[in-house]
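Here are a few exercises to work through with the model open in your viewer. Grab a pencil and try each task before reading its solution.

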Amino acid sequence: YNEYKSYLRMKIKYLSIAIIMSCILVHESKADKPNIILMMADDLGYGDIVANNPNTPNIQRLYDSGLALTDYHSAAPVCTPSRAGLLTGRLAQRTGVIGNFYSNSVGGLPLTEKTLGNYMKNADYTTGIIGKWHLGHTTEYNPVSRGFDYWYGLPYSNDMGCSFTEPAYIKYEALSNHTCSDQANHGIPIFEDYDIQEQPANLSTLSKQYENKATTFMSDALEKNKKFFLYFPMTLVHVPLTPPQQFRGRSGEDHFGDALHEMDHTVGVMLDFIESEGIRNNTLFIFTSDNGPWEVECEFAGTAGSYKGTWQRTYGEGGSASKMTTWEGGHRVPFIISWPGMIKHGSYHGIVSAFDVVPTFSKIAGFELPNDRTFDGIIFPFLGTQRHTSHRVLFIPDEDDREMRALRWDQYKVFYGTNTVVDCAGNTGTGFQYHNPALVFDVETDPAESEPLTVNEEFYSAVEEFFTGVKHSIEKDFKSVVNYAEDEAVKPCCNEKHLYCSCNAIEQSRSFDFWFS
């Protein structure tokens with residue numbers, strides 16, 4: 001394990017430097033701790049956020065006072081594992097969260113795992129989540145049971161239940177039952193803490209509701225002279241796209257462009273609030289995405305830009321190379337961070353990961369991480385008075401990946417196995433393939449991952465030795481166990497007497513009886 005041991009020594013060295021730099025950057029007094037807003041879009045591709053995009057003027061505004069990370073990677077290429085990795089700072093092979101939870105899922109993020117909500121609350125922050133949770137919806141897995149003082153949003157994806165919202169744009173035939181039309185459908189609920197406020201949700205009003213709840217949460221924290229941590233995992237731009245009237249046709253392009261406008265408007269509301277309250281310079285604001293675009297949604301999905309996964313589309317005989325895959329388009333996503341006066345404007349090109357958020361926040365907010373388990377991130381390498389080394393090696397978990405079959409090694413991407421899912425044309429290609437020797441791409445000179453390199457045995461040996469070392473480390477590490485059992489009885493339902501579990505605490509005067517006449 002010489003290569004692995006060398007890597008660990010390097011990681012400890014640079015983590016120590018990062019801690020020193022962060023101590024210079026962040027003082028211990030409560031007054032110097034920033035408020036933190038962590039906004040995460042859903043299924044937003046790397047190519048969807050480009051300079052001076054007329055559909056995203058507020059995200060441009062955030063970048064104009066911030067730093068764009070060009071080589072940032074989500075914790076996984078699909079919803080639930082990505083969120084688990086972001087909030088725990090640990091690989092799926094450690095947390096056990098390797099696949100999505102659904103409306104009938106009994107379990108959630110294991111109770112043996114702590115979240116950013118827990119850590120930030122212990123650091124005397126008021127903690128809130130506005131938006132999609134997707135880490136378990138029964139009481140013990142509810143975000144209010146997992147370190148968050150307040151929650152308003154959906155328990156899972158907006159396509160995992162029906163709604164009466166029209167228009168609703170969605171492509172994939174298997175998801176076309178999003179409209180409540182028969183007794184078999186189950187309404188998508190909106191939760192406030194432990195209580196359902198509306199079911200089925202009116203998806204076209206979600207963004208406005210989220211904006212109102214988010215600004216109220218922040219206002220309440222400021223009135224109490226408390227620092228706030230707002231985790232804001234948006235529903236957009238996940239299908240179905242359900243634009244309110246004010247955004248229909250706004251982009252002059254297509255329905256996805258309209259959805260970008262709607263998402264961007266919410267970013268603008270958050271920026272306007274912190275500016276109007278005079279806390280802009282003492283608020284750390286992050287905008288990112290949980291994974292890449294969902295190609296099967298065709299014109300209702302975004303784009304991964306240059307990260308096309310060309311090898312899969314040619315030698316792999318087609319299929320998607322974005323969401324749910326380890327091709328770059330599945331996990332390389334936009335990331336903008338802004339903290340005026342503390343982070344310089346520009347671009348950072350080192351390798352950064354969602355796993356880095358937890359250790360970075362630990363130094364900024366001043367909380368300690370437990371020493372009985374391994375964390376897979378480092379402190380953001382661009383913080384502090386000096387620039388220092390980012391990740392050299394980064395694991396790229398696949399959907400439902402127990403083995404870890406892909407990793408980044410400096411500028412190289414190494415695949416011991418490739419996988420694909422259905423694309424816009426309905427193709428799945430060859431599906432999963434093992435590769436011996438591994439496929440190796442230089443993603444700096446070949447971002448499309450089109451032509452594998454010919455590498456020497458020394459390279460393969462070094463990578464394999466490292467891989468073996470990490471697997472051995474995970475075997476010895478503290479690991480959680482996930483309950484992936486399913487039971488129709490756990491589906492959220494606020495009124496079992498009505499079809500679709502209909503209720504509405506938001507508009508008490510509204511009657512649902514006409515639906516059943």
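**Exercise 1.** Count the aromatic pairs in this predicted model, then classify the pair formed by Phe-395 and Phe-466.

*Solution.* The count comes to 29 aromatic pairs. Now take Phe-395 and Phe-466: their ring centres are 5.8 Å apart and their planes meet at 15°. Planes under 30 degrees apart count as stacked, so this pair is stacked. Next, place the two residues: Phe-395 belongs to strand E13 (residues 393–395) and Phe-466 to helix H11 (residues 457–476), so the pair links parts of the chain 71 residues apart. Both Phe-395 and Phe-466 are buried.

**Exercise 2.** Work out how Trp-409 and Phe-466 pair up.

*Solution.* Start with the geometry: 5.6 Å centre to centre, with 85° between the planes. Over 60 degrees counts as edge-to-face, and that's the label for this pair. Then look along the chain: Trp-409 sits in strand E14 (residues 406–409), 57 residues from Phe-466 in helix H11. Trp-409 is buried, too. Finally, zoom out: Phe-395, Trp-409 and Phe-466 are among the members of one aromatic cluster, which also includes Tyr-412 and Phe-467.

**Exercise 3.** Find which lysine lies over the face of Phe-467.

*Solution.* Lys-471 is the one, at 4.8 Å from the ring centre. For another example, try Lys-323, which lies over the face of Trp-294 at 4.1 Å from the ring centre.

**Exercise 4.** Why is helix H10 (residues 357–365) largely enclosed by the rest of the structure?

*Solution.* Tally the burial: eight of its nine residues are buried, so H10 is largely enclosed. Pro-359, Phe-361 and Ile-364 are among the buried ones. Just after H10 comes Gly-366, with a positive phi near 85°.

Notes:
Residues are numbered from 1 along each chain as its sequence is written. This is a predicted model: local features need pLDDT of at least 70, side-chain atom pairs count only at pLDDT 80 or more; totals for chains, interfaces and linings use all residues. Side-chain values use heavy atoms; hydrogens and water are left out. Buried means under 20% relative accessible area, exposed over 50%, partly exposed in between (1.4 Å probe, protein chains only). Helices (H or I, at least four residues) and strands (E, at least two) are DSSP runs, numbered from the N terminus. Rings of Phe, Tyr and Trp (its six-membered ring) pair if their centres lie within 6.5 Å; planes under 30 degrees apart count as stacked, over 60 as edge-to-face and the rest as tilted. A charge sits over a ring if NZ of Lys or CZ of Arg is within 6 Å of the ring centre and within 35 degrees of the ring normal.
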